[in-house]
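Here's a quick walk through this structure, written for someone who would rather be at the bench. Have the 3D view open and follow along.

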Amino acid sequence: MKFETIAIHTGDRPDKAFGAITMPIYMTSTFVFEDVGKTKAGYDYSRTANPTRKTLEDTIARLEGGKAGFAFATGMAAEATAIHLLKAGDHVISGDDVYGGTYRLFQNVMQNFGVEFTFLRLDNRRKIEQAIRPNTKMLWLETPSNPLLNIVDLEMAVDIARKHKLMTVIDNTFATPYLLRPIEYGIDLVVHSTTKYLNGHCDVVGGAVVTTTDELTERVQFLSNAMGTCQSPFDSWLVLRGIETLAVRMRQHNENAAAVADYLNEHSAVEKVYYPGLKTHPGHRIAKKQMKGFGGMVSFEVKGGNRAVKRFLRNTRIFALAESLGGAASLAEQPATMSHASMPKEFREKIGIKDELIRLSVGLEDIDDLIGDLKQALEPD
Ligand SMILES: *Cc1c(COP(=O)(O)O)cnc(C)c1O
């Protein structure tokens with residue numbers, strides 16, 4: 001089965017009990033045993049496993065080409081669980097322009113438990129190898145990164161990790177398995193905020209982890225159950241429904257974002273556009289090689305400083321001023337004060353997230369309406 005078909009037909013669909021074409025929502029905390037020590041179908045308690053969540057988990061695992069999937073309450077719950085594969089004294093090399101909440105989890109939470117982190121732009125083999133210590137256990141990547149849309153060369157990253165016996169983890173939220181299949185490059189563990197493109201409708205928060213070995217599967221299952229970070233049946237069902245249309249949505253996100261990036265790139269009020277689909281983007285060649293499209297996110301700097309940013313964000317009518325991304329509705333935000341406010345200002349500036357930066361999540365509206373909205377927001381009478 002191909003991607004689009006897997007997205008719709010994985011698991012018990014139609015369901016075995018009544019033939020429902022969709023997976024039912026099993027809103028139950030517990031499952032009645034058939035006999036002492038004998039469950040009906042392997043389910044005993046919904047923290048451990050739930051049929052609706054299991055169908056979602058199997059679907060994501062197959063879309064990523066992995067061994068097993070796990071669904072979590074949020075993307076951060078997925079990341080918090082994955083990082084608990086480590087223990088005090090272990091060291092992680094992480095991309096420096098990862099999602100703001102990832103940075104906060106590592107820097108302000110996990111560091112207190114003795115896990116060490118080095119944040120680095122992952123664009124150079126020598127630089128990465130020089131940061132490896134005897135206790136380095138994990139390489140944590142995000143590509144395209146948030147919000148600068150930097151591209152990590154997966155072939156290079158996996159090659160370094162294998163040589164030094166590091167586990168590789170990728171946050172595949174921005175690309176989704178439709179555009180990028182990290183496991184085919186040898187990545188060990190994939191994490192997602194399903195809140196974004198996988199669900200795709202801005203109506204749920206969720207996360208996922210996909211494993212590649214039986215050992216990782218067992219360990220993530222243990223942690224998910226022990227930490228209780230799993231997703232509710234209802235929220236699992238929403239994400240499952242969203243995934244049915246992932247491929248068509250991503251094709252339209254790609255098309256709309258490319259048109260928006262081209263438009264902004266030509267505009268005199270715009271200082272710089274960050275979009276991996278532009279030939280001038282430093283990661284363009286690698287993105288073209290490893291991705292099936294360039295995604296729906298476009299960041300840009302406006303001329304005229306913070307005042308121009310505020311004016312733009314106040315003037316858009318279709319692009320709503322909001323954090324998050326990946327939904328049908330287009331969104332605009334200022335990373336410095338919103339999605340990346342949890343990064344200290346000096347760190348943010350060091351890695352290139354200026355106050356003038358605006359991040360767009362280009363949605364599924366008509367492209368002429370979207371460009372018209374940008375035009376009137378950039379050129380208010
Ligand atoms: C939103 C996001 C997260 C966190 O996910 P939540 O569902 O908000 O907890 C992690 N990584 C990336 C790249 C994100 O965009």
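Let's start at a proline: Pro14 sits in the loop between helix H1 (3–9) and helix H2 (51–64). The peptide bond leading into it, from Arg13 to Pro14, is cis, with omega near -5°. Keep in mind that this is a predicted model. From here we'll go through the backbone oddities, then the loops, the ligand site and the chain as a whole.

**Backbone oddities**

- As a rule of thumb, most peptide bonds are trans, and most residues other than glycine have a negative phi.
- Another cis peptide bond runs from Thr143 to Pro144, with omega near -10°.
- You'll find Pro144 in the loop between strand S4 (136–142) and helix H6 (154–163).
- Lys165 isn't a glycine, yet its phi is positive, at about 55°.
- Look for Lys165 in the loop that links H6 to strand S5 (167–171); with a relative accessible area of 72%, Lys165 is exposed.
- Cys202 also has a positive phi without being a glycine, with a value near 55°.
- The loop between strand S6 (189–193) and strand S7 (207–210) is home to Cys202, which counts as partly exposed at 44% relative accessibility.

**Two loop residues worth a click**

- Is Ser339 buried or exposed? Its relative accessible area is 8%, and anything under 20% counts as buried, so Ser339 is buried.
- Ser339 belongs to the loop between strand S11 (331–333) and helix H13 (345–350).
- The Ser339 side chain makes a polar contact of 2.7 Å with the side chain of Glu333, and one of 2.7 Å with the side chain of His340.
- Setting aside residues up to four places away in sequence, Ser339 touches Gly100, Glu323, Glu333, Gln334 and Arg359.
- Glu34 lies in the loop between H1 and H2, and at 45% relative accessible area Glu34 is partly exposed.
- Side chain to side chain, Glu34 and Lys38 are joined by a polar contact of 2.7 Å.
- Apart from neighbours within four places in sequence, Glu34 is in contact with Thr39 and Lys40.
- Want a sense of distance? The C-alpha atoms of Glu34 and Lys288 are separated by 54 Å, and the two residues are 254 apart along the chain.

**The ligand site**

- Which residues come nearest to the ligand? Out of the 15 around the ligand, they are Gly75, Asp171, Ser193, Thr195 and Lys196.
- At Gly75, a polar backbone atom is 2.8 Å from an oxygen atom of the ligand.
- At Asp171, an N or O atom of the side chain is 2.7 Å from a nitrogen atom of the ligand.
- At Ser193, an N or O atom of the side chain is 2.8 Å from an oxygen atom of the ligand.
- On its own the ligand has 380 Å² of accessible area, and the protein covers 92% of that.
- By residue type, the shell around the ligand holds four nonpolar, seven polar and four charged residues.

**Helix H3, next to the ligand**

- Helix H3 (residues 75–83) gives the largest share of the ligand shell, with three residues.
- Eight of the nine residues of H3 are buried, so the helix is largely enclosed by the rest of the structure.
- The buried ones are Gly75, Ala77, Ala78, Glu79, Ala80, Thr81, Ala82 and Ile83.
- Thr74 caps the N-terminal end of H3, with a side-chain oxygen 3.2 Å from the backbone nitrogen of Met76.

**The chain as a whole**

- The chain has 14 helices and 12 strands.
- For 381 residues, a compact globule would have a radius of gyration near 21 Å, and the chain agrees with that at 21 Å.
- The C-alpha trace spans about 75 × 50 × 35 Å along its principal axes.
- Of the 381 residues, 56% count as buried.
- The chain exposes about 16400 Å², and 53% of that is supplied by carbon and sulfur atoms.
- Take the contacts between residues at least 6 apart in sequence: 72% of them join residues at least 24 apart.

Notes
Residues are numbered from 1 along each chain as its sequence is written. This is a predicted model: local features need pLDDT of at least 70, side-chain atom pairs count only at pLDDT 80 or more; totals for chains, interfaces and linings use all residues. Side-chain values use heavy atoms; hydrogens and water are left out. A residue is near a molecule or strand if one of its heavy atoms lies within 4 Å of it. A polar contact is a pair of N or O atoms within 3.5 Å; within protein, one must be able to donate a hydrogen and the other to accept it, and residues adjacent in sequence count only if both atoms are side-chain atoms. Accessible areas come from the Shrake-Rupley method with a 1.4 Å probe; for residues, only the protein chains shown count as cover. Helices (H or I, at least four residues) and strands (E, at least two) are DSSP runs, numbered from the N terminus. Ala, Val, Leu, Ile, Met, Phe, Trp, Tyr, Cys and Pro count as nonpolar, Asp, Glu, Lys and Arg as charged, and the others, Gly among them, as polar. The radius of gyration is taken over C-alpha atoms; the globule rule is 2.2 Å times the number of residues to the power 0.38. Buried means under 20% relative accessible area, exposed over 50%, partly exposed in between (1.4 Å probe, protein chains only). Contact means heavy atoms within 4.5 Å.
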